[in-house]
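Me: Please take a close look at one part of this structure, the largest nonpolar core, and at what surrounds it in the chain.

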Amino acid sequence: MSDKILARDNRLVVVINDWVGFLVMATRFEVHGKSGKRYLGWLFPLTMRFDDISCVYVVMAYDIENNDFVTVYVGETEAFGTRLSSHEKKSCWEKESATHVFVFRTDKNTSEERRAIKSDILTNPQYLLPCNR
């Protein structure tokens with residue numbers, strides 16, 4: 001089979017010499033906690049479908065005028081894909097023109113660790129986070 005790229009379910013399916021895989025467009029990104037700690041993760045388009053991983057996530061809107069991202073909401077979950085698809089704050093995200101989601105997986109990945117990181121990011125006065133209010 002020849003090499004080709006097909007669009008399927010908002011993802012690109014890559015076929016190379018009979019190998020089939022998904023091409024995901026993501027960018028390394030960093031958010032900061034009030035403590036000064038830096039969390040390095042991945043920034044994805046909000047329209048993607050995600051697996052049920054445990055993580056801390058930050059919903060963001062792209063600000064064209066300032067060429068920067070504005071934080072809209074921070075959360076943590078054990079089942080990211082399910083949580084994101086049925087989130088009760090989705091209407092707020094739409095109102096805030098959310099476009100991306102930052103995903104950070106913790107070292108130990110316990111619920112206590114995720115909640116502590118969420119709190120650290122949530123209390124950073126640099127972020128507005130209107131959908132957490």
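Reply: Start with Val 59, which touches Leu 46, Val 70, Thr 71, Val 72, Tyr 73, Trp 93, Ala 98, His 100 and Val 101, leaving aside residues up to four places away in sequence; contact here means heavy atoms within 4.5 Å. The model is a predicted one, in which local features need pLDDT of at least 70 and side-chain atom pairs count only at pLDDT 80 or more, while totals for chains, interfaces and linings use all residues. Residues are numbered from 1 along each chain as its sequence is written, and side-chain values use heavy atoms, with hydrogens and water left out.

Val 59 belongs to the largest nonpolar core, which has 18 residues; Val 59, Phe 80, Trp 93 and Val 101 touch the most other members. A nonpolar core is a set of buried Ala, Val, Leu, Ile, Met, Phe, Trp, Tyr and Cys residues joined through side-chain atoms within 4.5 Å. Buried means under 20% relative accessible area, exposed over 50%, and partly exposed in between, with a 1.4 Å probe and protein chains only. Two or more residues come from each of β6 (55-63), β7 (68-77), α1 (80-85), α2 (90-95) and β8 (100-104). Among these elements, β6 gives the most, with 4 residues. Helices (H or I, at least four residues) and strands (E, at least two) are DSSP runs, numbered from the N terminus. A second, separate core of 14 residues includes Phe 29, Leu 43, Ile 117 and Ile 121. In soluble globular proteins, nonpolar side chains tend to be buried together.

Helix α2 also carries one end of a disulfide: Cys 92 lies in α2 and Cys 131 in the segment after α3 (111-122), so the pair ties together parts that are 39 residues apart in sequence. The structure holds 1 disulfide, a disulfide being a pair of cysteine sulfur atoms within 2.5 Å. The S to S distance between Cys 92 and Cys 131 is 2.0 Å. The torsion about their S-S bond is about -90°, so the disulfide is left-handed. Cys 92 and Cys 131 are both buried. Cys 55 is buried too, at a relative accessible area of 0%.

For the setting, the protein chain has 3 helices and 8 strands, in the order β-β-β-β-β-β-β-α-α-β-α from the N terminus. Of its 133 residues, 38% count as buried. Among contacts with a separation of 6 or more, 57% are between residues 24 or more positions apart.
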